[in-house]
Amino acid sequence: TALISAGADTTATEIGTLYGGPPWALKTQRKVSAGTSGAITLAGSIAAVLAAIGFSTFAVLMTLTSPRGAIAITIGAVTAVATDSFLGAWWQSRRWCNTCGMSTEQKRHRCGEQTITVGGLEWLDNDAVNVISGAIGALVALALQAMLGYTALAL
């Protein structure tokens, strides 16, 4: 589930950036520039769901899970993508480079200068958001599989 979640999230970002137009920030409910954490597009959201279905279907074809397991994994992956956006919008660290006058997610900006935290939780960087959202998606998939009476490794 965590790998399918990561694939769906990456697909959402790429499709949303290419075809989604200006993303919409969950927190402020305003249009923002592409790449803003916690922002979504309709095209990216649809792409995330379709990617989760596609990757889960591939797992069935590879006999890694059953069709019922794929349903749970798909729901877990979509939950992880939504969690990633939610954490990115409200709690992910937002940083600023005083040298370039630009916002960034990096502790050291591409110009080489140290950045300062201007919002969110300092320790909650993009990597931590990915780990947390992937774990939540995997737990959702495991819980659904248990409710469906199917047990298989969903991680």
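Helices here are DSSP runs of H or I with at least four residues, strands are E runs of at least two, and both are numbered from the N terminus. The views below come from a predicted model.

**View A. A nonpolar surface patch includes Ile46 of helix H2.**
Helix H2 covers residues 42-61, and Ile46 lies in it. Five residues make the patch: Leu42, Ile46, Val49, Leu50 and Ile53. The patch has an area of about 470 Å². Ile46 has 44% relative accessibility and counts as partly exposed. A patch residue needs over 30% relative accessible area. Ile46, at 44%, is above that cut-off.

**View B. Phe86, Trp90 and Trp91 form one aromatic cluster.**
A search of the whole structure turns up two aromatic pairs. One is Phe86 with Trp90: the rings are 4.8 Å centre to centre, with 35° between the planes. That geometry is tilted, because the tilted class holds planes that are neither under 30 degrees apart nor over 60. Phe86 and Trp90 both sit in helix H3, residues 67-90. They are four residues apart, about one turn of the helix. Phe86 also pairs with Trp91. Here the ring centres are 5.2 Å apart and the planes meet at 75°, so the pair is edge-to-face. The cut-off for that class is over 60 degrees.

**View C. The three rings of the cluster, residue by residue.**
How exposed is Phe86, in relative accessibility? The value is 38%, so Phe86 counts as partly exposed. Trp90 is partly exposed too, at 30%. For Trp91 the relative accessible area is 37%, again partly exposed.

**View D. Cys97, Cys100 and Cys111 bring sulfurs within view, yet the whole structure has zero disulfides.**
Why is Cys97 not bonded to Cys111? The Cys111 sulfur is the closest cysteine sulfur to that of Cys97, but the gap is 3.6 Å, too far for a bond. A disulfide needs the two sulfurs within 2.5 Å. Cys100 is in no disulfide either. The nearest cysteine sulfur to Cys100 also belongs to Cys111, at 3.5 Å. What about cover? Cys97 is buried, with a relative accessible area of 0%. Cys100 is partly exposed, at 33%.

**View E. Gln29 takes a positive phi in a loop.**
Strand S1 (24-25) and strand S2 (39-40) flank the loop that holds Gln29. Phi of Gln29 is near 60°. Most residues other than glycine have a negative phi. Gln29 is exposed, with a relative accessible area of 55%.

**View F. Thr63 takes a positive phi between two helices.**
Thr63 lies in the loop that joins H2 and H3. Its phi is near 55°, a positive value in a residue other than glycine. Is Thr63 buried or exposed? Thr63 is exposed, with a relative accessible area of 69%.

**View G. The side chain of Gln145 reaches a backbone oxygen.**
Gln145 belongs to helix H4, residues 126-147. Which backbone oxygen does the side chain of Gln145 reach? That of Gly69, at 3.5 Å. Polar contacts are counted within 3.5 Å. Gln145 has 1% relative accessibility and counts as buried. The cut-off for buried is under 20%.

Terms used:
Residues are numbered from 1 along each chain as its sequence is written. This is a predicted model: local features need pLDDT of at least 70, side-chain atom pairs count only at pLDDT 80 or more; totals for chains, interfaces and linings use all residues. Side-chain values use heavy atoms; hydrogens and water are left out. Buried means under 20% relative accessible area, exposed over 50%, partly exposed in between (1.4 Å probe, protein chains only). Rings of Phe, Tyr and Trp (its six-membered ring) pair if their centres lie within 6.5 Å; planes under 30 degrees apart count as stacked, over 60 as edge-to-face and the rest as tilted. Patches are made of residues with over 30% relative accessible area and no salt bridge: like charges are joined within 9 Å, nonpolar side chains (Val, Leu, Ile, Met, Phe, Trp, Tyr) within 5 Å. Accessible areas come from the Shrake-Rupley method with a 1.4 Å probe; for residues, only the protein chains shown count as cover. A salt bridge is a side-chain nitrogen of Lys or Arg within 4 Å of a carboxyl oxygen of Asp or Glu. A polar contact is a pair of N or O atoms within 3.5 Å; within protein, one must be able to donate a hydrogen and the other to accept it, and residues adjacent in sequence count only if both atoms are side-chain atoms.
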